[in-house]
Amino acid sequence: MSFKPLHDELDKWSESGRNAELWWRDDDAQKPGPMLQRLLDISEQHAAPLALASIPDGVQADLAECLLDRDLVCILQHGFSHRNYAPETERKMELGWHRPDEQIYAQIVSGLKNLRDLFAEQFVPVMVPPWNRIDPRVVEGLKVAGLNGLSTLGPRTDEFPLVGLKQVNVHVDIINWKQGRCFAGEDACVEQIIRHLSAKRAGRADVGEPTGIMSHHLVHDAGCWAFLDALFRVLQGRPEVRVLSAKEIF
Ligand SMILES: [Zn+2]
């Protein structure tokens with residue numbers, strides 16, 4: 001396999017004189033470690049801005065220290081504790097309507113404060129709901145809780161689900177969760193990227209939404225690492241591509 005189909009798609013953007021915008025979100029960061037280091041290395045090698053969705057409950061201060069001089073890194077809020085409150089018959093969800101709303105929002109507010117205190121200017125107040133799921137009723141309170149962005153999975157339907165709350169999702173999952181949490185494969189990942197890019201180009205998806213790559217550094221196998229390295233090398237070499245930071249987006 002090669003990245004040829006991606007090059008072909010990007011050629012079409014280039015021919016029409018448009019920039020293809022992408023971004024990169026990695027989930028579940030709580031502490032430094034060799035896997036996080038590897039992720040940061042890829043980001044730096046290819047000058048790719050990285051939005052780390054961090055779980056506020058139990059996030060360690062040494063994560064902030066490790067990211068201190070990393071100008072390419074922003075922190076987003078990944079729920080509060082990444083606990084599932086849905087019954088066994090439903091899909092996992094922390095930010096569903098399974099608890100009193102006071103409890104849900106108190107945790108969101110406390111998590112936001114925790115991340116802002118730790119990461120200061122690197123923190124961007126964007127909610128990344130665990131498992132990419134959030135009840136629409138919980139979304140309604142996010143702005144009041146202090147957030148101005150939301151990021152889930154799949155093409156967005158609204159740029160602003162609420163006044164003052166911007167949504168920019170991810171569209172590419174590099175992991176196959178159902179078959180042993182392994183790399184989804186180069187062809188499948190490239191295909192996911194092209195699907196969103198071409199939908200935007202054809203007006204079937206919101207062209208203003210950057211195409212989001214989602215990774216999960218803690219479970220990456222060799223295939224995931226090799227793909228991210230190769231992908232951001234390709235993107236860095238394409239003049240019509242802009243990989244945006246969370247600060248530019250939200
Ligand atoms: Zn997560």
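## Exercises around a zinc site and its strands

D28 is buried, with a relative accessible area of 19%. On this scale, buried means under 20% relative accessible area, exposed over 50% and partly exposed in between, using a 1.4 Å probe and protein chains only. Keep in mind that this is a predicted model, where local features need pLDDT of at least 70, side-chain atom pairs count only at pLDDT 80 or more, and totals for chains, interfaces and linings use all residues. Residues are numbered from 1 along each chain as its sequence is written, and side-chain values use heavy atoms, with hydrogens and water left out.

**Exercise 1. List the protein donors of the zinc ion and work out which parts of the chain D28 and H78 tie together.**

Step 1: pick the donor atoms. They are N, O and S atoms within 2.8 Å of the metal (3.2 Å for Na, K and Ca); water is not among the atoms, so sites may look incomplete. For the zinc ion this gives D28 (OD), H78 (NE2) and H82 (NE2), lying 2.1 Å from it.

Step 2: read off the spacing. Along the sequence, the donor residues follow the pattern D-x49-H-x3-H.

Step 3: place the pair. D28 sits in strand β1 (residues 20–29), while H78 is in the loop between β3 (73–77) and α4 (101–119), so the two tie together parts that are 50 residues apart in sequence. Helices (H or I, at least four residues) and strands (E, at least two) are DSSP runs, numbered from the N terminus.

Step 4: check the burial of H78. With 2% relative accessibility, H78 counts as buried.

**Exercise 2. Find the strands that pair with β3 and say how they run.**

Step 1: set the criterion. Two strands pair if DSSP finds at least two bridges between them.

Step 2: take β2. Strand β2 (residues 50–54) runs parallel to β3, and five bridges join them. Here L52 is the residue opposite I75.

Step 3: take β4. β3 and strand β4 (residues 123–127) are also parallel, with two bridges between them. Q77 faces M127 across this pair, and I75 has F123 as its bridge partner in β4.

Step 4: add the connections. β2, helix α3 (residues 61–67) and β3 form a right-handed β-α-β unit; β3, α4 and β4 form a right-handed one too. A crossover is right-handed if, with the strands pointing away from the viewer, the path from the first strand over the helix to the second runs clockwise.

Step 5: carry on to β5. β4 pairs with strand β5 (residues 149–150) in the parallel sense over two bridges, and G149 in β5 is the bridge partner of V126.

**Exercise 3. Decide how many residues of β3 and of β4 are buried.**

Step 1: go through β3. Five of its five residues are buried. V73, I75 and Q77 point one way, C74 and L76 the other way.

Step 2: repeat for β4. Five of its five residues are buried, so β4 is largely enclosed by the rest of the structure. F123, P125 and M127 cover one side, with V124 and V126 on the other.

Step 3: contrast with a helix residue. S110 belongs to α4 and is partly exposed, at 37% relative accessible area. Its C-alpha is 8.3 Å from that of F80, though S110 and F80 are 30 residues apart in sequence.

**Exercise 4. Describe the largest pocket and the backbone of W131 and N132.**

Step 1: get the volume. The largest pocket holds about 520 Å³ of space. Its lining has 20 residues, and the closest to the centre are W131, N132, D173, W177 and H216. A pocket, on a 1 Å grid over the protein atoms alone, is an open set of points where a 1.4 Å probe fits, with protein on both sides within 12 Å along at least five of seven lines; lining residues have an atom within 4 Å of a point. The volume is the space filled by probe spheres set on the points, which are joined across faces, edges and corners.

Step 2: look at W131 and N132. W131 lies in the loop between β4 and α5 (136–139), and so does N132. W131 is not a glycine, yet has a positive phi of about 60°; N132, also a residue other than glycine, has a positive phi near 60°.

Step 3: finish with accessibility. W131 is partly exposed at 28%, whereas N132 is buried at 16%.
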